[in-house]
Amino acid sequence: AAGALLAMSAPAALRASYAAASIFVAGAVMCYAVELYRHRTKRRPKKPPRSPQRPPVAEEVQALHKIAASIPQVPMIHQAPALALTPGTMALIEETVPVVGSSEAARIFYGQLFESNPALRTLFGDEEAQVRKLVGMLSWVAKSVADSPSLSEGLQRLGERHIQYHASLAHFHDIKGAFLQMVTIVDQQAIHEAEPEDGEEDGGDDLEGGGAESFPATPPPVDRHQRLLDVHQAWEAMLYVFIGEMGPRMLMKEQLGGFHLALANDLAAPAGGTCVALAGAQGSALLAMAANLTRAPQPGTPERALVNDAHALLHRIRTALEELAGLDMSAYCRVMAAIRQPQLDQPDARKRAISYAIEQAARVPLQVAEWSIYGLRVARRLLPVAGRSGVGDAGAGVQLLVAAAKAAIQNVHINSSSKLATYYHGRWPREVNSRAAELAAELAVLDAELESIVSQRNLRDG
């Protein structure tokens, strides 16, 4: 257009040149526009694939109701770690309480404890008052060690009181070390004092002429090393009974940093099984958060009913897995009590105690796997309708539940394959392994489905 106006006002000789230039410029502009369009068309991103057609929400609600009807059994009743102690171990503890539970022994214990960890001194008040409390508690242990329900109840109350004292699970490591050092010291002294001095064992001179028949037979010599080892092992087993009863009561009140310190030491209580159950509980909590962030469906609609039902089920799942975290800690301590106790003259009783303890240690993670996979079933129904802002957190919750289920199934296999697992009967390992295999197959399907749903939601919602 500009070229045409110039051509009209220019001399006749230049009109042809202006017209040709105008045509050239117009053609160049049109070519540039075509190339720009083609370039932008090539760089335009492809539209994400549309999500597959979801079943109607009413069907999802019905499916969730079926899931709610198949909720796993309530976590198993607490199995007292003291059940692992054999009669010989209990008798040895009762026999040595007058020495181990003396005031002198208590002072040695606190001295060793504060030397190993001076920071613990601030948790205690008057040391003499603590000495009296420890002496009284060990005296009660001697009377209750054969009464497992009474011992269990008393130690659980003790754990609850220690929460008020700001005690931590990490402190059990220092307490166990100091207590066993004290046991070794006082038992060595007791053995030395009980040994006759040179010349006393022959009974002295026979002044009355009664001969050898007037004196009792000389008792066989005491194997000091074996005696010290037996006493040490008996009290180490007893300490695991303490930890297995007190620890679960303290677990859910534990500060996160203290819990990690307890995991890092070599006491191994809590250990992997407790972490697995807590990972599942955290996964359930993240999914519940996704349900809380889903605000769009109006009350009374099928979508809102589905979200509300899923939230209620996830709360039950989280609570069950938290309880199983404590039960796993208790089950592990029962195994350790059975293993650490002395063999004495009852090797079969010790093996039987280990076998029973291992069975419980396998059944607790099996329940962790059951509840974790149950949480994934609920997530399968919740995720398609969950609010966009909670999809990423729900995906993290799914991964935690998947990891919890996989690790729990692994723990089932580890415990059921122990050499002593079938000492008293061989049926339970096949039973738990069969159920673990069924859960593993379902887990693989749910994992793939949920990964696909999360990926599609992320693409669709941006």
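This is a short walk through one predicted model, from its largest pocket to its ring pairs, charged pairs and cysteines.

Let's start with the pocket. The largest one holds about 730 Å³ of space. Its lining is made of 29 residues. Which of them sit closest to the centre? They are Tyr110, Phe124, Met137, Leu158 and His162.

Now the elements behind that lining. Five helices each give two or more residues to the largest pocket: α5 (103-116), α6 (127-144), α7 (148-164), α8 (171-194) and α9 (224-251). Which one gives the most? That is α9, with seven residues.

What about the chemistry of the wall? By class, the lining has 22 nonpolar residues. Four more are polar, and three are charged. Keep α8 and α9 in mind, please. We come back to both.

Next, the aromatics. How many aromatic pairs does the structure hold? Five. Take Phe179 and Trp235. Their ring centres are 5.6 Å apart. Their planes meet at 50 degrees, so this pair counts as tilted. The cut-offs matter here: stacked needs under 30 degrees, and edge-to-face needs over 60.

Where do the two rings come from? Phe179 lies in helix α8, and Trp235 lies in helix α9. In sequence they are 56 residues apart, so the pair ties together two separate parts of the chain.

Are these two residues buried or exposed? Phe179 is buried, at 5% relative accessibility. Trp235 is buried too, with a relative accessible area of 2%.

And the pair is part of something wider. Phe109, Tyr110, Phe114, Phe179 and Trp235 form one aromatic cluster. Notice Tyr110 in that list. We met Tyr110 already, among the residues closest to the centre of the largest pocket.

On to charges. A search of the whole structure finds 14 salt bridges. I will show three.

First up, Lys176 and Glu236. Their side chains meet at 3.3 Å, N to O. Lys176 lies in helix α8 and Glu236 in helix α9. They are 60 residues apart in sequence, so this salt bridge also ties together distant parts of the chain. How accessible are the partners? Lys176 is buried, with a relative accessible area of 16%. Glu236 is buried as well, at 10%. For reference, the cut-off for buried is under 20%.

This bridge has company. Lys176, Glu236 and Arg340 are linked in a network of salt bridges.

Next, Glu153 and Arg157. This one is a salt bridge at 3.1 Å, N to O. Both residues sit in helix α7, four residues apart, so about one helical turn separates them. Glu153 is partly exposed, at 48% relative accessibility. Arg157 is partly exposed, at 42%.

Then Arg318 and Glu322. Here the N to O distance in the salt bridge is 3.0 Å. The spacing is four residues again, this time in helix α12 (residues 302-340), and that puts about one helical turn between Arg318 and Glu322. Arg318 is partly exposed, with 25% relative accessibility. Glu322 is partly exposed, with 21%.

Stay in helix α12 for a moment. Glu323 is found there too. Its relative accessibility is 40%, and that counts as partly exposed. Which residue can we pair with Glu323 for a long-range check? Leu251. The two are 72 residues apart along the chain, yet their C-alpha atoms are separated by 9.8 Å.

A second check of that kind uses a loop. Ala146 lies between α6 and α7. Ala146 is exposed, with a relative accessible area of 59%. Its C-alpha atom is 9.1 Å from that of Leu83. Along the chain, 63 residues separate Ala146 from Leu83.

Last topic, cysteines. How many disulfides does the structure hold? Zero. As a reminder, a disulfide is a covalent bond between the sulfur atoms of two cysteines. Let me set two cysteines side by side. Cys275 is partly exposed, with a relative accessible area of 27%. Cys333 is buried, at 0%.

Quick recap. The largest pocket has α9 as its top contributor, with seven lining residues. Helices α8 and α9 are tied together by Phe179 with Trp235, and again by Lys176 with Glu236. Questions, please.

Definitions and conventions. Residues are numbered from 1 along each chain as its sequence is written. This is a predicted model: local features need pLDDT of at least 70, side-chain atom pairs count only at pLDDT 80 or more; totals for chains, interfaces and linings use all residues. Side-chain values use heavy atoms; hydrogens and water are left out. On a 1 Å grid over the protein atoms alone, a cavity is a set of points where a 1.4 Å probe fits but cannot get out, and a pocket is an open set with protein on both sides within 12 Å along at least five of seven lines; lining residues have an atom within 4 Å of a point. Grid points are joined across faces, edges and corners, and a volume is the space filled by probe spheres set on the points. Ala, Val, Leu, Ile, Met, Phe, Trp, Tyr, Cys and Pro count as nonpolar, Asp, Glu, Lys and Arg as charged, and the others, Gly among them, as polar. Rings of Phe, Tyr and Trp (its six-membered ring) pair if their centres lie within 6.5 Å; planes under 30 degrees apart count as stacked, over 60 as edge-to-face and the rest as tilted. Buried means under 20% relative accessible area, exposed over 50%, partly exposed in between (1.4 Å probe, protein chains only). A disulfide is a pair of cysteine sulfur atoms within 2.5 Å. A salt bridge is a side-chain nitrogen of Lys or Arg within 4 Å of a carboxyl oxygen of Asp or Glu.
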